[in-house]
Structures are given as C-alpha cells and as structure tokens.
Amino acid sequence: MTVPEQATTRPYALTVASSDSGGGAGIQADLKTMTRLGVYGGSVVVAATAQHTRGVDSTHVLPDEEIRAQFEAVTGDFDVAAVKLGMLAAASAVETIDDCLRDSDGPVVLDPVMVATSGDRLLDDDAVDAYVDLFARATLLTPNADETEALTGVYPSDERSRGEAATAFFDWGADAVLFKGGHVDTDADTVRDTLVTPDRSVTFSNPRVRTDRTHGSGCTLSSAIASRLAHGDELVEAVERGIEFTHAAIARPADVGRGPGSVDHLVDAERWHPSSR
C-alpha cells in the first residue's frame, strides 16, 4: 500500500548572513524563525563564526565566488518571496551581495549587523562604507541605536534625532527604517520601536523584559519581518507582528550555554501576543 503525497505550499524566504555555531544568532536564528513562522527558508552563508553565548572566537569569510554561487543556485530554482540580509562581515561580501540583488524586485530587510550582543566586532571597518550602496536595495533597515550612530553620526534617542538619521538613510536609498529601542533609555519600563518612512512614523510599544538573554534578538526580528513580508503582509503589519514575535522570544528565552543565553526562536508567540496570529 502506498500513501499519496500531501505537499504543502509555503512562501520561500532567503537569509543572506553568517553562521553562528552556537545556534542563537545568524543564519541559524533566521532559519528557526522562518520555520516557526511558516516560511520555507534558504540561506547564503557569507561567513562562518566560531561563536557561543559568551562571545565570538573567530570569523572566516567565504570567497566572493562561493557567496555568489550560493545566491545564484537558490534564486535559479526557488521563487524567493523575501530576502533578509544580516552579518555580511567584509566589504567585498557586501559588494558581492549588492551586485547579486541588482535584478531582485522583492522585499529586502537589511539588518546592518556590526557588533554582537557580547560586544565582539562583526564587521570590517571598510564594510561600513560599502553598506551605503547596499541601502538602496532595502525595503526596510533595522539598525539598533549604536549601529545608527556608527552609520549616520546621529544617536536616535528622540523624534528629532530619528528624523535626522532617517533622512540620511533615505538619501542613501532605503525605503523605510525601523529604529529599535532596546538600547535607548534602558532604565525605562517600556521599549519603543519606531518605523519611519518618508510619509509617516509609527511607534510600537512593549514592556521592557529585564533579561540579559538577548543573544540573537536582532536577527530574530529582521527574519521575522522578512517572513511576514513573504506571507504578503504590508510593511506596517509585518513590522508589528515581527516585533510581537521577537518580544515573546525575549520574554521566554532559551536557557542554553554558560553565557547570558539566547532568545527562544521556537516560542509560542500566539500565547504571549494573541494579535500575532
């Protein structure tokens, strides 16, 4: 007796980022998040890191031709509904991905990862300048406050400074910016993340979770938003639901490793945020 297949149809999203051997951040976090949110995820590995909950021991960037080969293999076979860009490590890798995305017309979520939660540097100095050209490919940028300051010279602590930083990102070609509030006013009881487009500004508020188990939170957020865009959500809805998922993952972290620990990408987000559906 044979059993007929019952194939599922899911949107396909692609993460272009680096591997975290500990599993809490990077491509591992992206693929876990995409799977949890009902998306079939593929990957382009830019670099391999020897990493754990206490820090980053080493980084090995793949040759540009191998990065390009992965991208062409995936896009030549799959209908990519959304792309998430994470840690790109080196200027040449940034330039390679920029060229690969030249003919892409789907949504691109760019998380300009520069420093790990542990404080370890993850991006070469030359790559910061290379990012500027890549911003023109971005449907959405998701920098934290420190990354915003490194890129624009402006620390986004209030509406005026966020407007100044957003103007710089728009001048570089980005469509929208999500200013993450986790690093701002850390004594406050509320975290406010603000989405800014050329036409509007929307703030999303959540209770601050008092925890140091936030490893992978930025990767989780950007890949969650990319997943929702792959499902067809409009930008504001995708951001809102991505934030809700990430807040739940932070509120119920994974007790792993001997360092601070990681967010839990497999959290039942609906239990903690019913509106996330």
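A residue counts as buried when its relative accessible area is under 20%. With that cut-off in hand, the longer helices of this predicted model can be read quite easily. Helix H8 has 17 residues, and 13 of them are buried, so H8 is largely enclosed by the rest of the structure. From its first C-alpha to its last, H8 reaches 24 Å, close to the 24 Å expected at 1.5 Å a residue.

Helix H7 gives a similar kind of picture. Here 13 of the 14 residues are buried, which leaves H7 mostly covered. Its end C-alpha atoms sit 20 Å apart, and that agrees with the 20 Å that 14 residues should span at 1.5 Å each. Just after H7 comes Gly232, with a positive phi of about 105°. Within H7 (217–230), Cys219 has 14% relative accessibility, so this cysteine counts as buried.

Now to helix H1, which covers residues 26–36. Which of its residues are buried? They are Gly26, Ile27, Ala29, Asp30, Thr33 and Met34. These residues lie on the same side of H1, because they take up an arc of only 160° around the axis. And what covers them? The cover includes three strands, S1 (12–20), S2 (40–52) and S4 (80–85), along with the helices H7 and H8. So the two helices described above turn up again here, as part of what shields the buried residues of H1. Following H1 is Gly38, another glycine whose phi is positive, this time near 80°.

Next, the nonpolar cores. In soluble globular proteins, nonpolar side chains tend to be buried together. In this model the largest nonpolar core has 36 residues, and those with the most contacts inside it are Val16, Leu85, Leu110, Leu134, Leu141 and Phe169. Helix H3 (residues 91–100) supplies five residues, the largest share of this core. Apart from it lies another core, made of 20 residues, among them Met34, Val39, Phe204 and Ala238. Met34 has already appeared as one of the buried residues of H1.

Leu110 is worth a quick look on its own. Leaving aside residues up to four places away in sequence, it touches Leu85, Tyr131, Leu134, Phe135, Ala138, Leu140, Leu141 and Thr142.

Back in helix H3, Asp99 has 31% relative accessibility and therefore counts as partly exposed. Cys100, at 11%, counts as buried. The C-alpha atoms of Asp99 and Val3 are 45 Å apart, with their positions 96 residues apart along the chain. As for the cysteines, a disulfide is a covalent bond between the sulfur atoms of two cysteines. How many disulfides does a search of the whole structure find? The search finds zero.

Finally, the view from further back. The protein has nine helices and nine strands, and buried residues make up 52% of its 277 residues. A compact globule with 277 residues would have a radius of gyration near 19 Å, and the 18 Å found for the protein agrees with that. Along the principal axes, the C-alpha trace spans about 65 × 40 × 40 Å. Among contacts with a separation of 6 or more, 66% come from residues 24 or more positions apart.

Methods
Residues are numbered from 1 along each chain as its sequence is written. This is a predicted model: local features need pLDDT of at least 70, side-chain atom pairs count only at pLDDT 80 or more; totals for chains, interfaces and linings use all residues. Side-chain values use heavy atoms; hydrogens and water are left out. A disulfide is a pair of cysteine sulfur atoms within 2.5 Å. Buried means under 20% relative accessible area, exposed over 50%, partly exposed in between (1.4 Å probe, protein chains only). A nonpolar core is a set of buried Ala, Val, Leu, Ile, Met, Phe, Trp, Tyr and Cys residues joined through side-chain atoms within 4.5 Å. Helices (H or I, at least four residues) and strands (E, at least two) are DSSP runs, numbered from the N terminus. Contact means heavy atoms within 4.5 Å. The arc is that of the directions from the helix axis to the C-beta atoms. The expected span of a helix is 1.5 Å times one less than its number of residues. The radius of gyration is taken over C-alpha atoms; the globule rule is 2.2 Å times the number of residues to the power 0.38.
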